[in-house]
Amino acid sequence: DPAQRRVRELAALSKRLQQVHPNVLAKVLKQGILYQNEEIVAINKPYGLAVHGGPGIKNCIADVLPILAKMLENRKADPLHLCHRLDKETTGVMVLARNKEVAERVRLLFKTRQVEKIYWAISLGDPDPAEGIVEIPIVEKEVRSHQSHYKMTLAPNYRLSPEDGKVVKIRKSREAEVAVTRYRRLAASSSSCSLLELQPITGVKHQIRVHLAYGLGCPILGDHKYSHWSKLAPQKLPEITLKRLKLEQSKARHLPLHLHAHRLSLPLGQRIDLICKPPPFFQKTLKKLGLDMANE
């Protein structure tokens with residue numbers, strides 16, 4: 001089945017990226033350049049490629065920046081600098097700086113929330129209401145189960161009183177970080193899925209994924225980590241979604257995360273708008289699920 005085959009190909013992609021020669025990887029990033037001037041270079045980050053190194057990661061963006069810089073300049077060039085990060089499974093716009101000073105300036109813009117970030121995600125379920133703001137602090141917690149692991153989760157400042165059902169303010173968690181995400185539905189279909197536009201106002205780790213899964217009850221398609229709380233297991237998909245994707249539940253574990261950094265707006269001198277189309281696998285999924293982007 002071609003659909004099952006494509007899912008397997010994407011699952012193999014991450015592994016293959018680890019065997020790719022750094023020069024080849026730099027070439028791929030060069031081909032995906034969205035914009036460049038004398039201060040920054042904006043690239044289209046591929047799926048499954050880590051930004052930083054770590055255990056079991058041979059290839060990452062940070063390691064190939066010196067090679068990419070030389071390819072751009074065609075001579076001995078200063079290495080490029082990372083300004084922010086995206087999750088390994090997230091695709092889309094990523095900004096690199098041509099020198100340390102610019103990198104510091106851009107990092108400060110991110111830190112002081114002056115960069116407008118717009119993401120697209122395919123969610124399981126339909127958020128209610130269709131547009132709004134999720135403002136719930138986020139904290140990292142250990143999940144104690146047969147496979148103990150750490151996850152980001154919600155740390156709300158309010159709860160419902162079991163006695164009378166009234167909203168009661170509770171003591172803030174000291175470790176929790178303020179997290180605010182604006183969302184709106186761009187398209188819905190009969191496939192139990194929606195296309196959402198997301199604007200993270202703050203920049204907490206896994207913020208969009210946690211706010212969608214635990215705040216709105218609409219986890220991102222392919223987000224196996226945040227589709228359950230107490231276990232590490234593949235995402236359970238509704239029958240109608242499996243049917244549209246021509247997928248068996250047993251193969252759902254290979255389904256990639258459908259989260260894409262669609263647009264970045266940077267106030268560097270004049271405002272620079274960087275836009276990146278979703279990758280082919282994302283576009284194919286939209287088509288299969290009948291999520292029409294005509295209104296975008």
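Helices and strands here are DSSP runs, numbered from the N terminus, with at least four residues for a helix and at least two for a strand. With that in hand, here are some friendly notes on this predicted model.

1. **His84 and its surroundings.** His84 sits in the loop that runs between strand 3 (81-82) and strand 4. Is His84 buried or exposed? Its relative accessible area is 14%, so it counts as buried, the limit being under 20%. The side chain of His84 comes to 2.9 Å from the backbone nitrogen of Val95. Setting aside residues up to four places away in sequence, His84 touches Val51, Val93, Met94, Val95, Phe110 and Leu264.

2. **Two domains.** The domain assignment splits the protein into domain 1 (1-112) and domain 2 (114-139 + 178-287). Please note that domain 2 is given as two segments. The C-alpha centres of the two domains are 21 Å apart. Going by contacts, 30 residues of domain 1 meet 31 residues of domain 2.

3. **The area between them.** About 2,600 Å² is buried between domain 1 and domain 2, and carbon and sulfur atoms give 68% of that area. Which three residues supply more than any other three to what domain 1 buries against domain 2? They are Gln4, Val93 and Leu109, with 22%. Val93 has already appeared above, among the residues that His84 touches.

4. **Polar links across the interface.** One salt bridge is found across the interface of domain 1 and domain 2. Seven residue pairs are in polar contact between the two domains, counting pairs with both residues at pLDDT 80 or more. On the side of domain 1 that touches domain 2, the elements giving two or more residues are helix 1 (2-19), strand 1 (33-36), strand 2 (40-45), strand 4 (91-97) and helix 4 (100-111). Helix 1 gives the most, with seven residues. By residue type, this side of domain 1 has 15 nonpolar, eight polar and seven charged residues.

5. **Arg107 in helix 4.** Arg107 belongs to helix 4 and is partly exposed, at 32% relative accessibility. Its side chain makes a polar contact with the side chain of Glu104, at 2.9 Å. Apart from neighbours within four places in sequence, Arg107 is in contact with His81, Leu82 and Cys83.

6. **Salt bridges between separate parts of the chain.** The count of salt bridges comes to ten. One of them pairs Glu39 with Arg105, with the closest N and O atoms 3.1 Å apart. Glu39 is in the loop between strand 1 and strand 2 and Arg105 is in helix 4, 66 residues apart. Arg105 is partly exposed, at 40% relative accessibility. Another pair is Asp126 and Arg185, at 2.9 Å. Here Asp126 comes from the loop between strand 5 (116-124) and strand 6 (131-135), and Arg185 from strand 11 (residues 180-188), 59 residues apart. Asp126 is partly exposed at 41%, and Arg185 is partly exposed at 34%.

7. **A strand-to-strand pair, and a network.** Arg184 and Glu197 form a salt bridge, their closest N and O atoms being 2.9 Å apart. Arg184 lies in strand 11 and Glu197 in strand 12 (residues 193-200), so this pair ties together parts 13 residues apart in sequence. Arg184 is partly exposed, with a relative accessible area of 32%, whereas Glu197 is buried at 15%. Finally, Asp87, Arg209 and Asp223 are joined into one network by salt bridges that share partners. Within that group, the side chains of Arg209 and Asp87 meet at 3.0 Å, N to O.

Notes:
Residues are numbered from 1 along each chain as its sequence is written. This is a predicted model: local features need pLDDT of at least 70, side-chain atom pairs count only at pLDDT 80 or more; totals for chains, interfaces and linings use all residues. Side-chain values use heavy atoms; hydrogens and water are left out. Domain bounds come from an automatic or database domain assignment. Contact means heavy atoms within 4.5 Å. Buried area is the accessible area (1.4 Å probe) that two parts lose on being put together, summed over both. A salt bridge is a side-chain nitrogen of Lys or Arg within 4 Å of a carboxyl oxygen of Asp or Glu. A polar contact is a pair of N or O atoms within 3.5 Å; within protein, one must be able to donate a hydrogen and the other to accept it, and residues adjacent in sequence count only if both atoms are side-chain atoms. Ala, Val, Leu, Ile, Met, Phe, Trp, Tyr, Cys and Pro count as nonpolar, Asp, Glu, Lys and Arg as charged, and the others, Gly among them, as polar. Buried means under 20% relative accessible area, exposed over 50%, partly exposed in between (1.4 Å probe, protein chains only).
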